[in-house]
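Colleague: Before I use this model, I should like each structural term justified against its cut-off. Shall we take them one at a time?

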Amino acid sequence: MKLVTKSVDASRLHVLKELLETNGIPALINGENTARMITPFLMTEPALWVYLDEQLEEARKLIQDPDYEVVNKVDMDEFNSIADSIT
C-alpha cells in the first residue's frame, strides 16, 4: 500500500476514494477514528492509501485531473470479491 494524501477533512477523502475506485484504483481511508480522539498525542490525520503500489502515480494524476484516463485499471468487483474472501 502507498500513501496518496492526508487531510483533516475526512469527507474530502471519501470523495477522492470514490473517484479512485470508480476509475479502477482500489483505495482505503485510514485514521478516521483516531483523528477524533481528544488526546493530542494520539491524533493522526486521516489518510487515503492505494492498495496497489503500482497505481500510486495514476491515483495522483487522477486526483489532479478527474478526466485523466487510468491505464492500469482493476476490476473493482473482482478485487472486492477477493478481498472479502481473504477477510
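**Terms and their grounds**

Colleague: Along β2, which side chains are buried and which are not?

Modeller: In β2, Ala27 and Ile29 are buried and point to one face, whereas Leu28 and Asn30 point to the other and are not buried. Buried denotes a relative accessible area under 20%, exposed one over 50%, and partly exposed a value in between, with a 1.4 Å probe and protein chains only. In a regular strand, side chains alternate between the two faces of the sheet. The name β2 itself rests on DSSP: strands are E runs of at least two residues, helices are H or I runs of at least four, and both are numbered from the N terminus.

Colleague: On what kind of model do these statements rest?

Modeller: This is a predicted model, in which local features need pLDDT of at least 70 and side-chain atom pairs count only at pLDDT 80 or more, while totals for chains, interfaces and linings use all residues. Residues are numbered from 1 along each chain as its sequence is written, and side-chain values use heavy atoms, with hydrogens and water left out.

Colleague: What makes β2 and β3 a pair?

Modeller: Two strands pair if DSSP finds at least two bridges between them. Four bridges join β2 to β3, so the condition is met, and the two run antiparallel. Within this pair, alanine 27 stands opposite valine 50, and asparagine 30 stands opposite alanine 47.

Colleague: How do you know that β1 and β3 pair?

Modeller: By the same count of bridges: β1 and β3 have four, in the antiparallel sense. Valine 50 in β3 has lysine 2 opposite, and alanine 47 in β3 is the bridge partner of lysine 6.

Colleague: In what order do the strands lie in the sheet?

Modeller: The order is β1-β3-β2, in an open, antiparallel sheet of three strands. β1 (2-6) and β2 are called edge strands because each pairs on one side only. Neighbouring strands are turned by 30 degrees against each other on average, direction ignored. α1 packs on the sheet and touches β1, β2 and β3, its direction making about 165 degrees with that of β2. α2 also packs there, touching β1 and β3, and makes about 20 degrees with β1. Contact requires heavy atoms within 4.5 Å; the angles run from 0 to 180 degrees between N-to-C directions, along lines fitted to C-alpha atoms, for helices over the stretch in contact.

Colleague: How are α1 and α2 placed relative to each other?

Modeller: Their axes are 10 Å apart, and the helices pack at an angle of about 115 degrees. Leu16, Leu19 and Leu20 in α1 meet Ala59, Leu62 and Ile63 in α2.

Colleague: Which residues touch the most other members of the largest nonpolar core?

Modeller: They are Val4, Leu20, Ile25, Leu48, Val50, Ala59 and Leu62, out of 13 core residues. At least two core residues come from each of α1, β2 (27-30), β3 (47-50) and α2. Such a core is a set of buried Ala, Val, Leu, Ile, Met, Phe, Trp, Tyr and Cys residues joined through side-chain atoms within 4.5 Å. Alanine 59 touches Val4, Leu20, Ile25 and Val50, leaving aside residues up to four places away in sequence.

Colleague: Why is the contact of glutamate 21 with lysine 17 called a salt bridge?

Modeller: The term requires a side-chain nitrogen of Lys or Arg within 4 Å of a carboxyl oxygen of Asp or Glu. Glutamate 21 and lysine 17 lie at 3.2 Å, N to O, and therefore qualify. Both belong to α1 (residues 10-22), four residues apart, about one turn of the helix. At 21% relative accessibility, glutamate 21 counts as partly exposed, as does lysine 17 at 22%.

Colleague: How many salt bridges does the rule give?

Modeller: It gives three. Glutamate 57 and arginine 60 form one, at 3.6 Å; they are three residues apart in α2 (residues 56-64), about one helical turn. Glutamate 57 is partly exposed at 48%, and arginine 60 is partly exposed at 36%. Lysine 73 and glutamate 69 form another, at 3.2 Å. Lysine 73, at 47%, is partly exposed, whereas glutamate 69, at 52%, counts as exposed.
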